[in-house]
Amino acid sequence: MTNMASDDNMQMLLLGAIFAFASLLHGISGLGATLVTTTALASIYPLQHAIVLVIFPSLVVNVMTWLAGGGRTLWQNFIYYGRRYWLLALTSLIGSILGAKLLLWVDSAYILLALAAVIGFYVISTLLGKQFRLPDTKPVLIIVGFSAGVIGGATNAMSTVLMMYLLSASDDKNTIAKVGNMCYFLGKVAQIIVLREPLMALSSGEWQLITVLSVLSIVALLIGIRLRRYLPQARFRQLILLILTVLGIRVGWQGITAFL
């Protein structure tokens, strides 16, 4: 019994450190929390369980980022940006529902390989300094929104696809961040709806863990935002890329070994 309690405490400390560190980096550099935590947990737990544990901590980080700056409430932001980007938000929501369902329908090995591939694309394109800009047309918007939703719902890597369109649709960093977070938020809502049974099956101890991780994420994010003005963001973005590279290789190897 003592060993089991000790193992549980060590696991909680490990998870707390992962979420706090990822949220701190997110606060400093503006990216990385959801993708880092998901990929880290996917190397510890089955992918579906990792996604379930990340949903609410990721949601609170998303809402905090969404509310930062602009002087608007959550609902006012939805109205303001939704008028122009409602179709992108709708298609990403539909795609997220399908993506979350893939977690229930498809062998996790395929999704792990997809996650590793998306991370690899993201890291390589960032290191090369390339921004893949897509035509700002309605057909492209629909395809990108739906594709980003599917990838986000299944792997929590929506931003890797969504940013390619947003960078071509707007030069305003605030608009890109707000619209991106609107789609991420809807993606989390889709995951909650589709994965309600796995969520309901969580034990009281796991819900307590999720609560602790959510609080830690908020605190670390706020500290990171405070530190942002004093620290070089580029260095921390490089650190996130390094972490994602290591985790991506590990997750990809998990996917490969699942077939062997």
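A cavity, as the word is used here, is a set of grid points where a 1.4 Å probe fits but cannot get out. With that in mind, we can walk through this predicted model, starting with its empty spaces and moving on to three pairs of packed helices.

How many cavities of 30 Å³ or more does a search of the whole structure find? There is one, and the space inside this largest cavity comes to about 40 Å³. To find it in the viewer, look for Phe19, Ser23, Ala33, Thr34 and Thr37, together with Val54, Pro57, Ser58, Val61 and Ser217, which line it. Three helices, α1, α2 (33–42) and α3, each bring at least two residues to that lining. The biggest contribution is from α3, which supplies four. The character of the wall is evenly split, with five nonpolar and five polar residues, and no charged ones.

Next comes an open space, the second largest pocket, with a volume of about 180 Å³. Helices α1 (2–29), α3 (47–67) and α10 (204–227) are the elements that give two or more residues to its lining. Here the largest share belongs to α1, with four residues. The full set of lining residues is Asp8, Gln11, Met12, Leu15, Tyr45, His49, Leu53, Gly205, Glu206 and Leu209. By class, this pocket is lined by five nonpolar, three polar and two charged residues. So α1 and α3 are worth keeping on screen, because each gives two or more residues to the pocket lining and at least two to the cavity lining, with helices taken as DSSP runs.

Now let us turn to how helices pack, beginning with α5 (residues 108–127) and α11 (residues 233–259). Their axes lie 8 Å apart, at an angle of about 150°. Because of that angle, α5 is roughly antiparallel to α11. The crossing of α5 past α11 is left-handed. On the α5 side, the residues in contact include Ala109, Tyr110, Leu112, Leu113, Ile119 and Tyr122. They and their neighbours in the contact meet α11 residues, among them Leu241, Leu244, Gly248, Val251, Gly252, Gly255 and Phe259. Taken together, the residues of this contact are 16 nonpolar and six polar, with no charged residue.

A second pair is formed by α6 (residues 138–155) and α7, whose axes come within 8 Å and cross at roughly 160°. That angle is why α6 counts as roughly antiparallel to α7. This crossing, too, can be checked for its hand: α6 and α7 cross in a left-handed way. From α6, the contact takes Val140, Leu141, Val144, Ala148 and Ile151, and from α7 it takes Val161, Leu162 and Tyr165. What classes do the residues of the contact of α6 with α7 fall into? There are eight nonpolar residues, no polar and no charged.

Following the chain from α7 (residues 159–169) leads to α8 (residues 173–194), and these two helices pack with their axes 10 Å apart at an angle of about 140°. This makes α7 oblique to α8, because only angles over 145 degrees count as roughly antiparallel. The crossing of α7 and α8 is right-handed. Ser159, Leu162, Met163, Leu166 and Leu167 of α7 make the contact with Ile176, Val179, Gly180, Cys183 and Tyr184 of α8. Eight of the residues in this contact are nonpolar and two are polar, with no charged residue. A good place to pause is Leu162 of α7, which takes part in the contact with α6 and also in the contact with α8.

Conventions:
Residues are numbered from 1 along each chain as its sequence is written. This is a predicted model: local features need pLDDT of at least 70, side-chain atom pairs count only at pLDDT 80 or more; totals for chains, interfaces and linings use all residues. Side-chain values use heavy atoms; hydrogens and water are left out. On a 1 Å grid over the protein atoms alone, a cavity is a set of points where a 1.4 Å probe fits but cannot get out, and a pocket is an open set with protein on both sides within 12 Å along at least five of seven lines; lining residues have an atom within 4 Å of a point. Grid points are joined across faces, edges and corners, and a volume is the space filled by probe spheres set on the points. Ala, Val, Leu, Ile, Met, Phe, Trp, Tyr, Cys and Pro count as nonpolar, Asp, Glu, Lys and Arg as charged, and the others, Gly among them, as polar. Axes are lines fitted to C-alpha atoms, for helices over the stretch in contact, and angles run from 0 to 180 degrees between N-to-C directions. Angles under 35 degrees count as roughly parallel, over 145 as roughly antiparallel, 65 to 115 as roughly perpendicular and the rest as oblique. A crossing is left-handed if the near helix is turned anticlockwise from the far one by less than a right angle, and right-handed if clockwise. Contact means heavy atoms within 4.5 Å.
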